[in-house]
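Work through the exercises below with the model open. Try each task before reading its solution.

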Amino acid sequence: MKVLITGGTGYIGSHTIIEMIETETFTPICIDSCERSTPETIDRMEKITGIRVPFYQENICNKNAFFRIFEEHKDIVGIIHFAAFKSVPESVEKPLEYYRNNLQSLENVLEACLKYNIPNLIFSSSCSIYGEVERLPVNENTPMGIPFCPYAHTKQIGEEMIRFFTQVNPQFNAVLLRYFNPVGAHSSGMNGELSPDKPNNLMPIITQVGIGKMEKLTVFGTDYNTRDGSCIRDYVHVSDIADAHVKAMQFLIEKRNSTNCEVFNLGSGNGISVLEMLHAFEEITGVKLNYKLGARRAGDVPAVYSDSTRAEKLLNWQCKRTLADMVGSAWEWEKRLGD
Ligand code: WQD
């Protein structure tokens, strides 16, 4: 069964395509503008899986180009929609780019579902929709908080767009997957996070400092009300996140959903602080990190981590990879990039 992956040359999209092929569950088709990724990812996925995924280098904000795919492939059973900008600090600096790109692309996806009768949609959402939360861990009933940045706001609006769309179109089924912090790389060491320009996320910055590509890392804030003053996040291996997408599409295809708009948290449930992550990297890799303690970063929430029992129960999903797998695979990938 064919599934269209938007943003399929991106970090989570590419790992999901690999997972689909390795588990022989679905036949992926990839569309990506490659504004934030590279077409070479198609070659890397082929090297890992032996399969060259049908690839369209198009921006799904360009409706005509996007819709041509559905004219060509009449048997697409579902869409996994990853394509979006996703940096917290960048969204603070460039709000309009985030609203335009992230919402226009989703609008076109929903229009395609309607026009071409695509019954199943998986939406890449984010724990950032919870904002700053009083009670941790968060579960799917935790209400959306005040968004801390435009990125988080586009994910909140996106979820509501899909909720209203499925209310009035009962023939469609959607799953909203709220990721916590995806990190790590494919076990083969041949695919991982690619940041075309300077990375914003903690893990690629750690590995770039570790390998010497970046001189020093700044811990953004050590005066938060957390156990060591630095922000706490719930890190999950990207391959576990990929596995969840395959399981969520199977959940919809097998009609195991009880409503036509289901929400799942995808987290490990373990909160790890920035300082703890730095020390874990040094311990696991034996590489000393050059870092300093600095001011807070705009858009950050102090702490967020997940209660993912709903995904465990209904999707039969668990986080299988450990912190050592996350750190070790990210470090192996960084060293390969340097080759
Ligand atoms: C993590 C922590 C920083 C860099 C991510 C994704 C977003 C969404 C939610 C999926 C923060 C601190 C970082 C540095 C630092 N995931 N940090 N120094 O902001 O939680 O958002 O998860 O949808 O798409 O981007 O992740 O890795 O940017 O930051 O101290 O040089 O590390 O302040 O507390 P974030 P991040």
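**Exercise 1.** Which backbone oxygen lies 2.9 Å from a polar atom of the side chain of Asn260?

*Solution.* The model is predicted: local features need pLDDT of at least 70, side-chain atom pairs count only at pLDDT 80 or more, and totals for chains, interfaces and linings use all residues. Residues are numbered from 1 along each chain as its sequence is written, and side-chain values use heavy atoms, with hydrogens and water left out.

Step 1. Locate Asn260 in the loop between helix H8 (238-253) and strand S11 (261-266).
Step 2. List the contacts (heavy atoms within 4.5 Å). Leaving aside neighbours within four places in sequence, Asn260 touches Thr166, Asn169, Pro170, Phe172, Asn173 and Ala174.
Step 3. Pick the partner: the backbone oxygen belongs to Thr166.
Step 4. Check burial. Asn260 has a relative accessible area of 19% and is therefore buried (under 20%; exposed is over 50%, partly exposed in between, with a 1.4 Å probe and protein chains only).

**Exercise 2.** Describe how H7 packs on H9.

*Solution.* Two packed helices are described by the angle between their axes and the distance between the axes.

Step 1. Take H7 (residues 202-211) and H9 (residues 274-285): their axes come within 11 Å and cross at roughly 40°.
Step 2. Classify. That angle makes H7 oblique to H9 (angles under 35 degrees count as roughly parallel, over 145 as roughly antiparallel, 65 to 115 as roughly perpendicular, the rest as oblique).
Step 3. Name the residues. Leu202, Met203, Ile206, Thr207 and Gly210 in H7 meet Val274, Met277, Leu278 and Phe281 in H9.
Step 4. Sort them: 7 are nonpolar, 2 polar and none charged.

**Exercise 3.** Repeat the analysis for H7 and H11.

*Solution.* Step 1. The axes of H7 and H11 (residues 323-338) come within 10 Å and cross at roughly 55°.
Step 2. H7 and H11 are therefore oblique to each other.
Step 3. H7 contributes Met203, Pro204, Thr207, Gln208, Gly210 and Ile211; H11 contributes Val327, Ala330, Trp331, Glu334 and Lys335.
Step 4. This contact has 6 nonpolar, 3 polar and 2 charged residues.

**Exercise 4.** Examine the backbone at Glu24, Cys34 and Pro137.

*Solution.* Most residues other than glycine have a negative phi, and most peptide bonds are trans.

Step 1. Glu24 has a positive phi of about 50°. Glu24 sits between helix H1 (11-22) and strand S2 (27-31), and is exposed at 72% relative accessibility.
Step 2. Cys34 has a positive phi of about 65°. At 11% relative accessibility, Cys34 is buried.
Step 3. Leu136 and Pro137 are joined by a cis peptide bond, with omega about 0°.

Notes. Axes fitted to C-alpha atoms, helices over the stretch in contact; angles between N-to-C directions. Helix = DSSP H or I, 4+ residues; strand = E, 2+ residues; numbered from the N terminus. Nonpolar A, V, L, I, M, F, W, Y, C, P; charged D, E, K, R; others polar. Polar contact = N/O pair within 3.5 Å; in protein donor to acceptor, adjacent residues only side chain to side chain.
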